[in-house]
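Okay, everyone, thanks for coming. I'll put a structure up on the screen and walk you through the parts I'd look at.

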Amino acid sequence: MLNDMIAAISTPIGKGGVALIRVSGNGCHTAVEKIFFPISKKRLTDYSPRFAVYGEIRDARSLIDTAIVTRFSSPHSFTGEDMVEISCHGGYVVSSMVLEAVLSLGIRMAEAGEFTRRAFINDKLSLTEAEAIGDVLSAVSREGVRLSSSQASGVLSARMKEITDKLTSLISSIYAYIDYPDEDLEDVDDETLGITLDGLIGECETLLSTYRAGNAITHGIPTVIVGKPNVGKSSLFNSLIREDRAIVTDIPGTTRDMLEYTADVKGVTLRLTDTAGLRESTEDAIEEMGMNIARARLFSPETSLVLALFDLSRELDGDDERLIEALEGVTDKTVIPVYTKCDLETRLDVDAVEGALGKGVTVSSRDGQGLEALEERIFSAFIGEELPQPESPMLTGVRQRSVVERGLDGLRQAKAELETGFKDMTGMTLESALASLLEVDARGVGEHIVDEIFSKFCVGK
Ligand SMILES: Nc1nc2c(ncn2[C@@H]2O[C@H](COP(=O)(O)OP(=O)(O)OP(=O)(O)O)[C@@H](O)[C@H]2O)c(=O)[nH]1
Ligand SMILES: [Mg+2]
């Protein structure tokens, strides 16, 4: 049922001095009055909405806690429904007992993301705003928080509305022309239509080009360090995260398990993985398992950046060549060759690597040379010259990107149809492009997509 009463503890359970319990749904103001008794002896509903009231939480047996309770009246609440927020003490047992008292009133536990889902259904939030709230909660960097908070305040929604409004008016002009060909409708000659359409195509292209940076800033860049044994992977891993977490020795085959940690690169988070060195064969069953895990991570679709390490102090060998060959086939990731140990005498034929994988970066984990250049290189590959303004609209998620791509394909197809003179067809194609673009903000999206988005939230959000 949509409007039934739900409740959950919205703060981390058992941590902190105060816990916040949220209740939402028709009738929750009077329901909570059965367990909450203001010190003033008045009732909660005697106070105006949004007034913070101090009082006691009691169940049938006794006093449980003292609390500050605030009620919000529909539609002026987070969910858009009547809501109550109870701030009680934060201990695990006491906050659970307050929640149990609330649930004893016939109110049910909220599901994950249910508060935000209701806010969406009641038009308090657009879908991109709701997604951005999820991004704020899970942001891995300070820049991620800034960007997501701005998107949560509606900058992407506003941009999408501008684009879809223009497209809607274009479609209606075309249909007006088709239905009333004899009227002197000025704005529908082929040239004007073509120009408007080109403008919309350009706007969608600009928006799509924000995805790489938007996604990197909000979710971090999944990065894997690969290379033959002893090339210096764990040393580089430690240098980038600025901590000695991975074991470094001169024994080839030191690292077996995959190690994961985050590194900050000029405000952007690298989700860095150190792996077992890749060589043709090993007698060691554990090392072999480590290599299999490393290969799986290297080729995983989740991985966006590969740092491929080559030892400057050793000549190119079969293991390096096999890695180059494997990486030449990788098209869905950014591959950066990294030449290690530049503090030692150079024996590596760098040209042989660069001929296949492009320009690399020369570093030494021993004395820190080149590490900044490597960070610059990563930053410019994903973000560009500088961090975008958080207030500029950006696509941050795969779902958003794929619907804008679909919309853009439609616009391009419509342009081609216009050029061949099929106006009826153009109108229809534009309508389906419009449907895709409206989906960015879930106007007209399927129930399962909405469910999937909100299932990523935690209970109480
Ligand atoms: N001179 C010099 N030695 C380095 C540098 N980086 C790593 N080494 C040395 O190279 C050896 C191997 O370093 P690791 O970082 O363990 O190499 P790895 O690629 O993780 O090796 P495996 O885990 O065995 O695959 C160690 O003796 C390091 O001290 C460097 O920049 N300069
Ligand atoms: Mg290692």
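So, let's go straight to the open sheet of seven strands, which runs in the order S3-S4-S5-S6-S2-S1-S7 with mixed pairing. Look at the two edges: strand S3, at 36-38, and strand S7, at 108-109, have a single partner strand each, so one side of each is left without a neighbour in the sheet. As a reminder, strands of a sheet pair through backbone hydrogen bonds, either parallel or antiparallel. S3 takes the antiparallel option with strand S4, residues 53-58, over three bridges. If you want one pair to click on, Pro38 has Gly55 in S4 as its bridge partner.

Oh, and I should say that this is a predicted model.

While we're around those strands, find Pro75, in the loop between strand S5 (63-72) and strand S6 (83-89). The peptide bond joining Ser74 to Pro75 is cis, with omega at about 0°.

Now, zooming out. How is the chain divided? Domain 1 covers 6-125, domain 2 is made of 132-210 + 394-441, and domain 3 takes 216-382. Going by C-alpha atoms, the centres of domain 1 and domain 2 are 42 Å apart.

Next up, the ligand. Around ligand 1 there are 24 residues, and the closest are Gly232, Ser234, Ser235, Thr255 and Gly277. Which element gives the largest share of that shell? That's helix H9, residues 233-241, with three residues. As for character, the shell has 13 polar residues, six nonpolar and five charged.

Leading into H9 from strand S8 (221-226) is a loop, and Asn230 sits in that loop. Asn230 isn't a glycine, yet its phi is positive, about 70°.

There's another positive phi in a hairpin. Strand S9, residues 259-265, and strand S10, residues 268-274, run antiparallel and are joined by seven bridges. One of the pairings puts Tyr261 opposite Leu272 in S10. Two residues lie between the strands of this hairpin, and Lys266 has a positive phi near 50°.

Last stop, a pair of helices. Helix H14 (residues 398-419) packs against helix H15 (residues 423-439), with the axes 8 Å apart and an angle of about 165°. That angle makes H14 roughly antiparallel to H15. And which way do they cross, left-handed or right-handed? H14 passes H15 in a left-handed crossing.

That's my tour, so over to you.

Note on methods: Residues are numbered from 1 along each chain as its sequence is written. Chains are lettered from A and ligands numbered from 1 in the order in which they are written. This is a predicted model: local features need pLDDT of at least 70, side-chain atom pairs count only at pLDDT 80 or more; totals for chains, interfaces and linings use all residues. Domain bounds come from an automatic or database domain assignment. A residue is near a molecule or strand if its C-beta atom, placed from the backbone, lies within 6 Å of it. Helices (H or I, at least four residues) and strands (E, at least two) are DSSP runs, numbered from the N terminus. Ala, Val, Leu, Ile, Met, Phe, Trp, Tyr, Cys and Pro count as nonpolar, Asp, Glu, Lys and Arg as charged, and the others, Gly among them, as polar. Two strands pair if DSSP finds at least two bridges between them. Axes are lines fitted to C-alpha atoms, for helices over the stretch in contact, and angles run from 0 to 180 degrees between N-to-C directions. Angles under 35 degrees count as roughly parallel, over 145 as roughly antiparallel, 65 to 115 as roughly perpendicular and the rest as oblique. A crossing is left-handed if the near helix is turned anticlockwise from the far one by less than a right angle, and right-handed if clockwise.
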